[in-house]
Amino acid sequence: MPTNKQRRQAAQRHLQRQLERRAELARKRRRNVLIGIVVAAVVVVAGAALLIAGIGGGDGKPTAAADSTGASASPTIDGSDGTCDFTPATSGNPNLKDVGTPPAQVATSGLAKLTMNTNFGAIGLVLDQAKAPCASASFVYLTQQKFFDGTPCHRETDSAGLKVLQCGDPSGSGSGGPSYTFPTQVTGSETYPRGTLAMANAGQGTDGSQFFLVFGDSQLPANYTVVGTIDEAGLGVLDTIAANGNNGANGAGDGAPNKPVTITSMTVAS
């Protein structure tokens, strides 16, 4: 028969083993929580990178190169003195359409109103010539040249953080535009809520003709020129287009509209 001392010693050993097991389980739980946090952080960063890459495509293929650090570009404002640098393209891109170059002297105040007529209805656009003088001037110039008439809106994205319709490429390839570019006009504080009209690009300073219409609050870095806003009737048209979805060719929730969208004409209000 074990003595009382032996029973106490056995009980102490049993208690010690229990405490060691509990400590090991606690260490495992802490390790698993840390792994979960790291994985979640990686997913968030990867998702942001996809969003950044997804909205590119001014006059070149969509790229995230300009955002590889994850930081916004240095604040850039161009045209505030009434002069814009419209630079002829020299890339040899076969998808560029030559309609000349806008005048270097541009308006730096007031609003310009455009009507973007589509096969789904009219979308009213209001350009802010004070905040985005070069983008506004380019938009008006291309409209006057009938650059947008008969062109497709080649991309629709309806992911959780990005809800836009992208247009302005006559080739419909995602790499087309005019035969010039101009500097991206950002201050670093831009946001992209529902109703925003902004310029797409393939990196800072490559703005051309491609633009995106935001039909749902979107999470993007301040790397895209906000040129104006979309009227309420136009947002209704965009909601109809968005309801049709896309083919997912660029990934879940991102691709060509399931029902083709065409800009039948673009006009400047007199």
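**Exercise 1. Which backbone oxygen does the side chain of Thr118 reach at 2.7 Å? Place Thr118 in the fold and list its partners.**

Step 1. The side chain of Thr118 reaches the backbone oxygen of Gly121, at 2.7 Å. This is a polar contact: a pair of N or O atoms within 3.5 Å, where within protein one must be able to donate a hydrogen and the other to accept it, and residues adjacent in sequence count only if both atoms are side-chain atoms. The model is predicted; local features need pLDDT of at least 70, side-chain atom pairs count only at pLDDT 80 or more, and totals for chains, interfaces and linings use all residues. Residues are numbered from 1 along each chain as its sequence is written, and side-chain values use heavy atoms, with hydrogens and water left out.

Step 2. The side chain of Thr118 also reaches the backbone nitrogen of Phe120, at 3.0 Å.

Step 3. Thr118 sits in strand E3, residues 111–118. Strands (E, at least two residues) and helices (H or I, at least four) are DSSP runs, numbered from the N terminus.

Step 4. Thr118 has a relative accessible area of 9%, so Thr118 is buried (under 20%; exposed is over 50%, partly exposed in between; 1.4 Å probe, protein chains only).

Step 5. Beyond its neighbours within four places in sequence, Thr118 is in contact (heavy atoms within 4.5 Å) with Ile123, Val237, Thr262, Ile263 and Thr264.

**Exercise 2. Which strands pair with E14?**

Step 1. E3 pairs with E14 (residues 262–268) in the antiparallel sense, over five bridges. Pairing needs at least two bridges found by DSSP. Leu114 stands opposite Val268 in E14.

Step 2. E5 (residues 151–152) pairs with E14 in the antiparallel sense, over two bridges. Here Pro152 stands opposite Thr262.

**Exercise 3. Asn201: buried or exposed? Trace its polar contacts.**

Step 1. Asn201 lies in the loop between strand E10 (196–199) and strand E11 (211–216).

Step 2. Its relative accessibility is 3%, so Asn201 counts as buried.

Step 3. A polar atom of the Asn201 side chain lies 3.0 Å from the backbone nitrogen of Gly203. The Asn201 side chain also reaches the backbone oxygen of Asn223, at 3.1 Å.

Step 4. Asn201 and Asn223 are 22 residues apart in sequence, yet 8.7 Å apart in space, C-alpha to C-alpha.

**Exercise 4. Which residues touch the most other members of the largest nonpolar core?**

Step 1. The core has 39 residues; Met116, Leu125, Phe139, Leu197, Phe211 and Leu213 touch the most other members. A nonpolar core is a set of buried Ala, Val, Leu, Ile, Met, Phe, Trp, Tyr and Cys residues joined through side-chain atoms within 4.5 Å.

Step 2. Helix H2 (residues 133–144) gives the largest share of this core, six residues.
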